[in-house]
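Q: Please take a close look at one part of this model, the pairing of strands where chains meet. Then set that part in its wider surroundings.

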There are 2 protein chains.
Amino acid sequence: MTRERLSLYDTTLRDGQQTQGVQFSTAEKLKIAAALDSLGVDYIEGGWPGANPTDSAFFEEVPHTRATMTAFGMTKRAGRSAANDEVLSGVLNAGTPAVCLVGKTHDFHVTRALGITLEENLDNIGASIAHLVAQRREALFDAEHFFDGYKANRTYALDCLRTALEAGARWVVLCDTNGGTLPQEIGEIVTDVVANAVPGARLGIHTHNDTETAVAGSLAAVLAGARQIQGTLNGLGERCGNANLTTLIPTLLLKEPYASRFETGVDREALEGLTRISRMLDDVLNRVPQKQVAYVGASAFAHKAGLHASAILKDPTTYEHIDPALVGNRRVVPMSNQAGQSNLRKRLAEAGLEVAPTDPALARILDKVKARESEGYSYDTAQASFEILAREELGLLPEFFEVKRYRVTVERRKNKYNRMVSLSEAVVVVKVDGEKKLSVSESMDEDGNDRGPVNALSKALAKDLGRYQAAIDDMRLVDFKVRITQGGTEAVTRVIIDSEDGQGRRWATVGVSANIVDASFEALLDAVRWKLVRDGATA
Amino acid sequence: MTRERLSLYDTTLRDGQQTQGVQFSTAEKLKIAAALDSLGVDYIEGGWPGANPTDSAFFEEVPHTRATMTAFGMTKRAGRSAANDEVLSGVLNAGTPAVCLVGKTHDFHVTRALGITLEENLDNIGASIAHLVAQRREALFDAEHFFDGYKANRTYALDCLRTALEAGARWVVLCDTNGGTLPQEIGEIVTDVVANAVPGARLGIHTHNDTETAVAGSLAAVLAGARQIQGTLNGLGERCGNANLTTLIPTLLLKEPYASRFETGVDREALEGLTRISRMLDDVLNRVPQKQVAYVGASAFAHKAGLHASAILKDPTTYEHIDPALVGNRRVVPMSNQAGQSNLRKRLAEAGLEVAPTDPALARILDKVKARESEGYSYDTAQASFEILAREELGLLPEFFEVKRYRVTVERRKNKYNRMVSLSEAVVVVKVDGEKKLSVSESMDEDGNDRGPVNALSKALAKDLGRYQAAIDDMRLVDFKVRITQGGTEAVTRVIIDSEDGQGRRWATVGVSANIVDASFEALLDAVRWKLVRDGATA
C-alpha cells in the first residue's frame with residue numbers, strides 16, 4: 001500500500017520565540033535550523049523579517065537547507081496594494097522560496113481588531129496571496145482564529161479559506177490561535193472544511209496547547225484529512241506553546257494508524273537523533289530539560305514501581321509502549337524504596353557490580369537505601385551516591401583518604417570602597433597515605449566574584465589529594481540543587497551535585513543534613529570517590 | 001436538561017508518587033489530601049498500605065474527607081484464598097471505605113509476568129473483588145494493560161472486565177498502563193466495552209501521558225461512555241505521568257460538549273482555587289512550577305506577541321480561550337506597557353500604597369522589578385520583598401537599623417567521642433540609633449542538634465535590635481526554600497523565607513546571591529523590615 005505524504009512545518013524559530021523568556025540570537029537560530037534540517041522537516045519558518053532585528057539578521061545569513069526556508073508575515077493592510085505594503089515588502093525581501101502570511105478569518109476580529117469590513121479583509125487575503133504567487137514564491141496562508149471564526153460565522157470563515165486557495169496558496173493552514181478547541185471538534189470542523197472548501201492535500205493544521213491537547217488536535221486533523229502539521233520542537237510557543245513536533249514525529253512514524261498510512265520527511269535513522277535534538281534546544285535555552293516529556297524525557301522510560309521494574313527485566317515490552325532506542329532515549333530503572341531486589345541487581349550491574357541473587361548484601365543495601373531515603377536522601381537522581389553506598393556494603397570501596405575536619409567562614413562587610421562584599425574561606429584537612437594535608441581556598445572566582453561557601457569548600461577539598469590529584473583535576477561541579485525535606489521530625493537540607501569530567505562523564509551525588517554546608521560536603525565527597533572508583537584508583 | 005455525573009478519582013498520592021524523584025512524607029500526603037478534598041474530587045487514592053512505610057503511616061493517620069478515601073492494592077495471588085493473601089489483607093487492614101485492586105487483563109502478562117493460566121487469573125479477579133464486597137467495601141477494579149490486552153485478545157480482556165463486574169465491582173477502570181494508546185483508538189475501544197461488557201455508568205478510564213495525549217484520551221473515553229476519570233494533580237505519575245486533573249477539571253467544567261452534558265463534584269468556586277492548589281503541590285515537591293502548563297501555568301495567559309498584547313488591551317477574548325480568573329490564574333501583559341503599570345498600581349494598593357497613575361516612581365519600580373527578576377528574584381511569591389522594594393523607590397522605607405557586617409563559621413570535626421559533629425556560629429553587627437551592637441549565636445538547638453548556619457545567622461540578627469526588639473520577638477522563621485536558578489556554573493541561589501508572627505500574619509521574602517548565606521541573610525533582613533513597617537515602627 002502506498003503511504004500518503006504528510007508535510008511537517010516547523011515554527012520553532014518564529015512562534016516558538018513567542019515563549020515567555022525566549023529570545024534566540026542569530027547564531028542560535030542557525031544552530032536550531034541545522035538541527036531541524038538534519039531531522040527532515042519539510043519547512044522551516046525562520047521568523048518575521050522586518051519585525052525584529054534578530055529575525056532580519058537570520059534571513060541575511062540564511063543557511064542552505066534541504067527544508068524549504070519560509071518567511072512569516074501578515075496579509076497586506078487595507079487601503080494600499082500588496083506591492084505598496086512595506087510590512088509585506090519587508091517579508092518578501094528576505095528572498096525565501098516560501099512565504100507564510102497570517103490573516104483574519106474570524107468576523108469578530110476583522111471588525112473589532114482590524115476595524116475593516118469583511119469584504120476588505122477578503123480582498124487583503126486574495127491580493128496578498130496573489131502577490132506572493134506573482135513573485136514566484138510558494139504561498140501559505142495561516143487562517144488565524146479559524147476554529148472560533150468557523151463557530152461564529154461558518155460561511156465567512158470558509159470564504160476566507162477559498163479566497164486564499166483560489167489566489168494560489170499551496171497550503172491553507174487552520175490555526176487554533178487561542179488554543180481552546182478540543183480534538184473532537186477539530187476533527188469535525190476539518191472534515192467539513194475538506195468536504196466544502198479546501199482539499200486535504202492543501203490543508204494544514206496549527207494548534208496551541210492551552211487545553212493540553214495540541215498534539216491530539218493535530219492527530220485528529222490528520223485523520224480528518226489535513227496533510228500538513230505545523231508545530232515546534234519541545235512544544236515552544238506563545239502561552240502554553242504550540243503542537244509539539246518532538247512528540248508528533250515519533251507518533252506519526254511509530255504508531256497506528258499513522259505509521260501504515262503516512263510517511264514524512266523524517267526517516268527512522270533521523271528519528272534516533274530526536275532526544276539529542278530536544279536536549280540541544282534546552283541547552284540553547286539554558287533550561288533544565290523536563291524529565292516527564294513524552295518520548296524524549298529522561299523519565300519517559302523510567303520504571304519506578306517495583307512490580308514494573310521486575311517485569312521490565314523479564315521483558316521490556318511489558319511496560320514500554322516503544323523501544324526507547326528508536327527515539328535515541330534510554331531505559332532507566334531507578335533506585336527507590338519501591339524497588340525490588342531484581343531492580344537493585346540491574347542497577348548494580350549497570351554500575352559494573354555483578355552480584356549473585358543469593359548475596360545477603362542485596363538485602364542490606366536495600367535496607368540502607370530505604371533508611372537513607374526516609375532521612376531525605378534520594379537515590380533515583382543520585383545514581384553515583386547509590387553506587388558508593390552499594391560498594392561500601394559490598395566491601396568494594398577503597399578508603400582513598402580520610403577527612404579529618406573542615407571549617408568554612410562566610411564574612412560580609414564593607415570593602416575599601418565602602419560597599420558590602422562577601423568572601424568565603426574553607427579549610428579542609430585530609431589524611432592521604434598516612435600524611436595529613438591542610439588545604440585552604442576562597443570563594444572568589446577569576447572575575448573577582450564571590451561564588452559562595454560551597455564553592456570554596458569544593459576547591460579546598462580538590463586542592464591536594466596527594467597521589468589521587470591527577471584523577472580529580474579534570475572534575476568540574478556543573479550543577480547544584482538544594483531542597484528542604486522533612487527527615488523524621490526536623491527539616492533537613494538535601495543537596496544534589498552534578499559533576500563532569502574531561503571524558504564527558506556526568507554523575508550525580510547526594511548529601512543530606514540540617515546543615516547545608518555539611519550536606520554539600522557529603523555530596524562533594526561522594527562525587528570525588530565515584531570519580532576515583534571509575535578511574536580505577538586503589539587505596 | 002439534567003447533566004450526567006462524572007466521577008473524579010485522584011491518584012496523586014499513589015500513582016503520582018511513582019514520579020521519578022518524588023517521595024511524599026506523611027505530612028505532605030495529609031496536606032495534599034486536604035487540598036484534593038477542598039477541590040471536590042470524589043475519590044482520593046491514598047497509597048498502597050503495606051507496600052511502603054509512608055503509605056502505611058498515612059493510612060494510620062488518615063484524615064476525614066468528604067471524598068471517598070481509597071486504598072490501592074493488587075488482586076490476590078494464585079494458589080491461596082483472598083482471605084489468606086497477606087498482601088491483600090494489608091490493603092484491607094487500612095480500613096478505607098473503598099479499595100481499588102489492579103489486576104491483569106492482557107493474556108501475555110498473565111502467562112509471561114505472572115506465569116499462571118488465564119483461568120487462574122480470572123479466578124483471582126473474581127475472588128478478590130468478591131472478598132472486598134464481602135468485607136463491605138466499595139470495590140474498584142483497575143484493568144491493567146487493558147487496551148493492549150484488548151488488541152491482543154479481545155475476548156479474554158472483556159472476560160476479565162465482566163468477571164470483576166459480576167463479582168460486584170462498583171467501577172471497572174480501563175488502564176492504558178503503558179501510555180501508548182492514542183485517543184481515537186481509546187474512543188473506539190471504550191465504545192465496544194460499553195456495548196458489550198460494562199455499562200458506562202460503571203466504567204472508568206486511567207491514561208498515561210507517554211504520547212502527550214493522556215488528557216485527550218480521557219476526554220475521548222468520556223464521549224464514548226466512561227463516567228469515571230482517574231488522574232493526578234499536575235499530571236504527576238510513572239514515566240511521563242498520568243492524565244492531568246489540573247487540566248481535565250477546567251476542561252470538563254468550562255468546555256463544550258462537556259460543560260453542558262456533565263457535572264462533577266468540583267464547583268465553580270472550587271475551580272478558582274485550582275492555580276493555588278497546583279502551585280502548592282509544586283511547593284511541596286520544591287519544584288519550579290512549569291510556566292507553560294494549560295490553565296494554571298504562569299505563562300498560560302501571558303501575551304508576548306506585540307499584536308496579541310495590544311488586542312488583549314482592547315478585548316481579552318481576542319487571544320484568550322477562557323477568563324484566567326475562572327481557574328484562579330491571571331493575565332500577564334509585558335510589564336513595559338500601560339497594562340503593566342495598572343497591574344502594578346493594583347498590587348501596590350493591595351499593600352496599602354496608593355500611588356497616582358502619573359507618579360514617575362511607577363516606571364522606576366517596574367524597571368527595578370524587571371532587572372531584579374532577570375537576576376533571579378521572584379516577586380510573585382515574595383510579596384513582602386516586593387513591598388519593601390516599592391517602599392524604597394517611593395521613599396517610604398524608614399532606615400530602622402544598619403547592618404555593618406556579619407560572619408558565619410561552619411566547623412566540622414571529631415568530638416570527644418570521636419564522632420564527626422558540626423557547629424555553626426554567627427556574629428552580626430548592627431547599628432541602631434547610633435549605637436553599635438554585636439550579637440553572637442550558635443546553631444545548636446535545645447536538643448543539642450546542629451541546625452546549620454542560616455539558623456545561627458537568623459538568631460544572631462534577631463538577638464538585639466535595641467528599641468525594635470519588642471516588635472520582632474514574636475517573629476518566627478517557618479519555612480525556608482532554596483533554589484538554584486540559571487543552572488550551570490553561573491548559578492545563583494534564590495532563598496525564599498516564610499515568617500510568621502504572634503498576630504498570625506505570615507509573609508514571604510526573597511534573597512538572591514551566588515552565596516547561599518548572603519541570599520538567606522537578604523531574605524531575613526527583608527522579613528524583619530516588613531514586620532517593623534507593618535507594626536508601624538519609625539526610624
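A: Two strands are said to pair if DSSP finds at least two bridges between them. The strands themselves are DSSP runs (E, at least two residues), as are the helices (H or I, at least four), both numbered from the N terminus. The model is predicted, so local features are reported only at pLDDT of at least 70 and side-chain atom pairs only at pLDDT 80 or more, whereas totals for chains, interfaces and linings use all residues. Residues are numbered from 1 along each chain as its sequence is written, and chains are lettered from A and ligands numbered from 1 in the order in which they are written.

The part in question is formed by strand β11 of chain A and strand β11 of chain B, each covering residues 402-414, which pair in the antiparallel sense over 7 bridges. Within this pairing, V410(A) stands opposite V408(B). The strands belong to a contact made of 88 residues from chain A and 85 residues from chain B, two residues being in contact if their C-beta atoms, placed from the backbone, lie within 7 Å. On the side of chain A that touches chain B, β11(A) gives the most, with 9 residues. That side of chain A divides into 30 nonpolar, 34 polar and 24 charged residues; here Ala, Val, Leu, Ile, Met, Phe, Trp, Tyr, Cys and Pro count as nonpolar, Asp, Glu, Lys and Arg as charged, and the others, Gly among them, as polar.

The wider setting in chain A is as follows. Chain A holds 20 helices and 16 strands, and its C-alpha atoms fill a box of roughly 90 × 65 × 45 Å along the principal axes. An automatic or database assignment sets the domain bounds: domain 1 of chain A spans 4-266 and domain 2 spans 401-535. The C-alpha centres of these two domains of chain A lie 51 Å apart. Among contacts in chain A between residues at least 6 apart in sequence, 68% join residues at least 24 apart.

Of the 539 residues of chain A, 54% count as buried (20 or more other C-beta atoms within 10 Å; exposed means 12 or fewer, partly exposed in between, with C-beta atoms placed from the backbone). A residue of the intermediate class is L394(A), in helix α17 (residues 383-394) of chain A. L394(A) is partly exposed because 16 other C-beta atoms lie within 10 Å. Not counting residues up to four places away in sequence, L394(A) touches L353(A) and A361(A). The C-alpha atom of L394(A) is separated by 9.7 Å from that of P360(A), 34 residues apart along the chain.

Nonpolar cores (buried Ala, Val, Leu, Ile, Met, Phe, Trp, Tyr and Cys residues joined through C-beta atoms within 7 Å) also draw on both chains. The largest has 202 residues, of which F141, V172 and L174 of chain A and F141, V172 and L174 of chain B touch the most other members. Beyond its neighbours within four places in sequence, F141(B) is in contact with residues including L101(B), I125(B), A164(B) and V173(B). A second, separate core of 103 residues includes I365(A), F480(B), I496(B) and V512(B).

Two covered elements of chain B complete the picture. In helix α18 (residues 453-461) of chain B, 8 of 9 residues are buried, among them P453(B), N455(B) and L461(B). In strand β4 (residues 68-74) of chain B, 6 of 7 residues are buried. Strand β3 (residues 43-47) of chain B pairs with β4(B) in the parallel sense over 4 bridges, and T70(B) in β4(B) is the bridge partner of E45(B).
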